[in-house]
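Biologist: Please take a close look at a single part of this model, its nonpolar core, and what is found around that part. I am a first-year student, and each term should be explained when it comes up.

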Amino acid sequence: MKNVILSADGDRVVYSVPDEVSSNLKSYCLNFEKWIQTSAEGQKYYIKKYGVFAFDESDFIEWLNKYKFPKEPSFFVENLGNIYSTKNLPEHYKKCKSFNF
């Protein structure tokens, strides 16, 4: 398991995810976004009134745990708050991969 930093235009949140996810974080995140838009299960994220899909990093983690890595679940580590620049990250997280939805 490795730490990654995820956000959805808000707080940056650290999660521990399987090594495979960390190594291919962007690919997994983009596949999650595609899954939301094309699967029956993803329709729960659709807001008909506005014609958009709304989700955040916790939904991504739920998807990983339910559909991709149920035997190696990802978990919350720490909420870093609303940090805009990677140079303001705590030193021990500066090398973590990150993705903003």
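Modeller: What follows covers how far the model can be trusted, then the core, then a helix pair, and then some single residues.

This is a predicted model, in which local features need pLDDT of at least 70, side-chain atom pairs count only at pLDDT 80 or more, and totals for chains, interfaces and linings use all residues. Residues are numbered from 1 along each chain as its sequence is written, and side-chain values use heavy atoms, with hydrogens and water left out. The term pLDDT stands for the predictor's confidence in each residue, from 0 to 100. Over the protein chain its mean is 95, and 100% of the residues reach 70 or more. Helix H1 (residues 19-23) has the highest confidence in the chain, at 98, while strand S3 (residues 46-47) has the lowest, at a mean of 90. Helices (H or I, at least four residues) and strands (E, at least two) are DSSP runs, numbered from the N terminus.

Now the core. A nonpolar core is a set of buried Ala, Val, Leu, Ile, Met, Phe, Trp, Tyr and Cys residues joined through side-chain atoms within 4.5 Å. Buried means under 20% relative accessible area, exposed means over 50%, and partly exposed is in between (1.4 Å probe, protein chains only). In soluble globular proteins, nonpolar side chains tend to be buried together. The largest nonpolar core here has 20 residues, and Leu-6, Val-21, Leu-25, Phe-60 and Leu-64 have the most contacts inside it. At least two of its residues come from each of strand S1 (2-7), strand S2 (12-17), helix H2 (25-38) and helix H3 (57-68). H2 gives the largest share, six residues. A second core, of seven residues, lies apart from this one and includes Val-14, Ile-83, Leu-89 and Tyr-93.

Val-21 shows what being in the largest core involves. Contact means heavy atoms within 4.5 Å. Setting aside neighbours within four places in sequence, Val-21 is in contact with Tyr-28, Phe-60, Leu-64 and Phe-69.

Two of the helices that supply this core also pack against each other. Two packed helices are described by the angle between their axes and the distance between the axes. Axes are lines fitted to C-alpha atoms, for helices over the stretch in contact, and angles run from 0 to 180 degrees between N-to-C directions. For H2 and H3 the angle is about 90° and the axes are 11 Å apart. H2 is therefore roughly perpendicular to H3; angles of 65 to 115 degrees get that name, those under 35 count as roughly parallel, those over 145 as roughly antiparallel and the rest as oblique. On the H2 side the residues are Leu-25, Tyr-28, Cys-29, Asn-31, Phe-32 and Trp-35, and they meet Asp-59, Phe-60, Trp-63, Leu-64 and Tyr-67 in H3. Nine residues of this contact are nonpolar, one is polar and one is charged. Here Ala, Val, Leu, Ile, Met, Phe, Trp, Tyr, Cys and Pro count as nonpolar, Asp, Glu, Lys and Arg as charged, and the others, Gly among them, as polar.

Single residues of H2 add detail. Trp-35 lies in helix H2 and counts as buried because its relative accessibility is 17%. Not counting residues up to four places away in sequence, Trp-35 touches Glu-41, Gly-42, Tyr-45, Trp-63 and Tyr-67. Lys-26 is also in H2, but it counts as exposed, at 58% relative accessibility. A further residue of H2 is Gln-37, which touches Gln-43 and Phe-53 when residues up to four places away in sequence are not counted.

Strand S1 holds Ser-7, which counts as buried at 7% relative accessibility. Beyond four places in sequence, Ser-7 is in contact with Arg-12, Glu-57, Phe-99, Asn-100 and Phe-101. The loop between S1 and S2 contains Asp-9, which is exposed at 69% relative accessibility. The phi angle of Asp-9 is near 60°, a positive value in a residue other than glycine.

Last comes Lys-97, in strand S6 (residues 97-100), which is partly exposed with a relative accessible area of 40%. With neighbours within four places in sequence left aside, Lys-97 is in contact with Asn-3, Val-4, Ile-5, Ser-22, Ser-23 and Leu-25. The C-alpha atoms of Lys-97 and Tyr-15 are separated by 11 Å, although the two are 82 residues apart along the chain.
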